[in-house]
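Me: I'm new to this one, so could you walk me through it one question at a time?

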Amino acid sequence: MTVAFGFLAGMVLVSAFGVVVSRNVVHSALFMSGSFLGVAGFFVMLNAPALAAFQVLIYVGAVTVVILFGIMFTQRPQARRYRTIINRQFWAGLLVAVGVGAFLSYVLAVEEWRSTAPGNGPRAVAQLGRDMLGVSPGAEIFALLFQVVSVLLLVAIIAAIVVSRRKVGTGVDRGVEE
Amino acid sequence: MPAQAQQVLDALLASPALEAYLIVGALMFAIGVWGALVRRNAVVIFMCVELMINGVNLSLVAFADFLPNAGGLGVSYAVLVIAIAAAEIAVGLAIVLAVFRSRRTVNVDEVTSMRG
């Protein structure tokens, strides 16, 4: 378990670092999917195999493909030096991020989590399904949250179509006047 | 097998503590913060926001597995978070496409027409 944990932690953190520092945007997207794959491995270790499947399907599959589409539509070939991809707050941003990471790690490490033991996760998919539908005791709120998230996804789909739709006669697309 | 080798083997086979997962999630969140602060490309900023969301998701699932009174509900919350993140990425990329159509750029520091 420790070996798998070390491998996955290295994969997640190195890939996340690669997202920030890689000069090619497509490489950033591929690093991001590697990082998400590592998180899916953590979910398997944490007794949530169904969530790991969701993670692979939604993040490694769908979100990466959508982001690659976005890159395809919006990137022009450009000289990729660090001066062009990074704004002027590089060292200040690094300072803030190191501060946030050190503070969170310190707080989480010194906190006394009483009586923790692995193995409480809903390993059976049927249990996860009952939780999501608000049937199991203590999870009644999910009956509402599930509906709200469904409506939110519908709204997001419609909003994405409306916002990105090209209105005839306004603007240019790929240099072609309409 | 000598006792020391047995000890090393036990340490390798033991399951990691709750803090280990939480620290990996916190570091992932911090790297996402760094990227969202320093990169200029809006698409990369979205990727870094997704990294932050995944770090928090990892913490939620770790709590759900390790805390006995959590009842495993953190996994259900993580499913909701994934759904909201997917909605956010869809709307966000649509906005990036709309900005690119009118401004010919996705660098966030060049889109300053609403600056006071």
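Me: Going from the N terminus on, how do the elements of chain B run?
Reply: Keep in mind that this is a predicted model. Chain B has 4 helices and 0 strands. Read from its N terminus, the order of elements in chain B is α-α-α-α.

Me: And how do the elements of chain A run from the N terminus on?
Reply: Chain A has 7 helices and also 2 strands. The strands come after the helices, giving the order α-α-α-α-α-α-α-β-β.

Me: What radius of gyration does chain B have, next to that of a compact globule?
Reply: Start with the box: the C-alpha atoms of chain B fill roughly 70 × 30 × 25 Å along the principal axes. A compact globule of 116 residues would come out near 13 Å, whereas the radius of gyration of chain B is 20 Å.

Me: What about the radius of gyration of chain A?
Reply: Here the box is roughly 65 × 40 × 25 Å along the principal axes. For 178 residues, a compact globule would sit near 16 Å, but chain A has 21 Å.

Me: What percentage of the residues of chain A count as buried?
Reply: Let's take chain B as a starting point: 52% of its 116 residues count as buried. For the 178 residues of chain A, the figure is 26%.

Me: Which element gives the largest share of the largest nonpolar core?
Reply: This core has 74 residues, and B:Met28, B:Ile31, B:Val43, B:Met47, B:Cys48, B:Leu51 and B:Val61 touch the most other members. Both chains supply elements that give two or more residues, including H1 (2–21) and H7 (141–164) of chain A and H2 (18–38) of chain B. The largest share, 17 residues, comes from H3(B).

Me: Which domains of chain A does this core draw at least three residues from?
Reply: Chain A is divided into two stretches, 1–77 and 122–167. Their C-alpha centres lie 23 Å apart. The core takes at least three residues from each of them, domain 1 and domain 2.

Me: Which residues of chain A does B:Met28 touch?
Reply: Leave out residues up to four places away in sequence, and B:Met28 still has partners in both chains. In chain B they are B:Leu51, B:Asn54, B:Gly55 and B:Leu58. In chain A they are A:Val12, A:Leu13 and A:Ala16.

Me: Is B:Gly55 buried or exposed?
Reply: B:Gly55 sits in helix H3 of chain B. Beyond four places in sequence, it touches B:Gly25, B:Ala26, B:Met28, B:Phe29 and B:Gly32. The cut-off for burial is 20 or more other C-beta atoms within 10 Å. B:Gly55 has 26 such neighbours, so it counts as buried.

Me: Which element gives the largest share of the side of chain B that touches chain A?
Reply: The contact takes 72 residues from chain B and 77 from chain A. On the chain B side, the elements giving two or more residues are helix H1 (3–13), H2, H3 and H4. The largest share, 23 residues, is from H4(B).

Me: How many nonpolar residues does that side of chain B have?
Reply: Split that side by class and you get 7 charged and 9 polar residues. The nonpolar count is 56.

Me: How far apart are the end C-alpha atoms of residues 141–164 of chain A?
Reply: An unreviewed UniProt entry lists 42–69, 90–109 and 141–164 of chain A under "transmembrane region". Residues 90–109 are 100% helix, with end C-alpha atoms 28 Å apart. Residues 141–164 are also 100% helix, and there the distance between the end C-alpha atoms is 34 Å.

Me: What is phi of A:Asn47 near?
Reply: A:Asn47 lies in the loop between H2 and H3 of chain A. It counts as buried because it has 20 C-beta neighbours inside 10 Å. Most residues other than glycine have a negative phi. For A:Asn47 the value is positive, near 65°.

Me: Where is B:Arg104, and what is its phi near?
Reply: B:Arg104 is in the segment after H4 of chain B. It has 13 other C-beta atoms within 10 Å, so it is partly exposed. B:Arg104 isn't glycine, yet its phi is positive, near 60°.

Technical notes
Residues numbered from 1 in each chain as written. Chains lettered and ligands numbered in written order. Predicted model: local features only at pLDDT ≥ 70, side-chain atom pairs only at ≥ 80, totals over all residues. Rg over C-alpha atoms; globule rule 2.2 N^0.38 Å. Buried ≥ 20, exposed ≤ 12 C-beta atoms within 10 Å, placed from the backbone. Core = buried A, V, L, I, M, F, W, Y, C linked by C-beta atoms within 7 Å. Domains from an automatic or database assignment. Contact = placed C-beta atoms within 7 Å. UniProt positions renumbered as here; feature names shortened; annotations may be inferred. Nonpolar A, V, L, I, M, F, W, Y, C, P; charged D, E, K, R; others polar.
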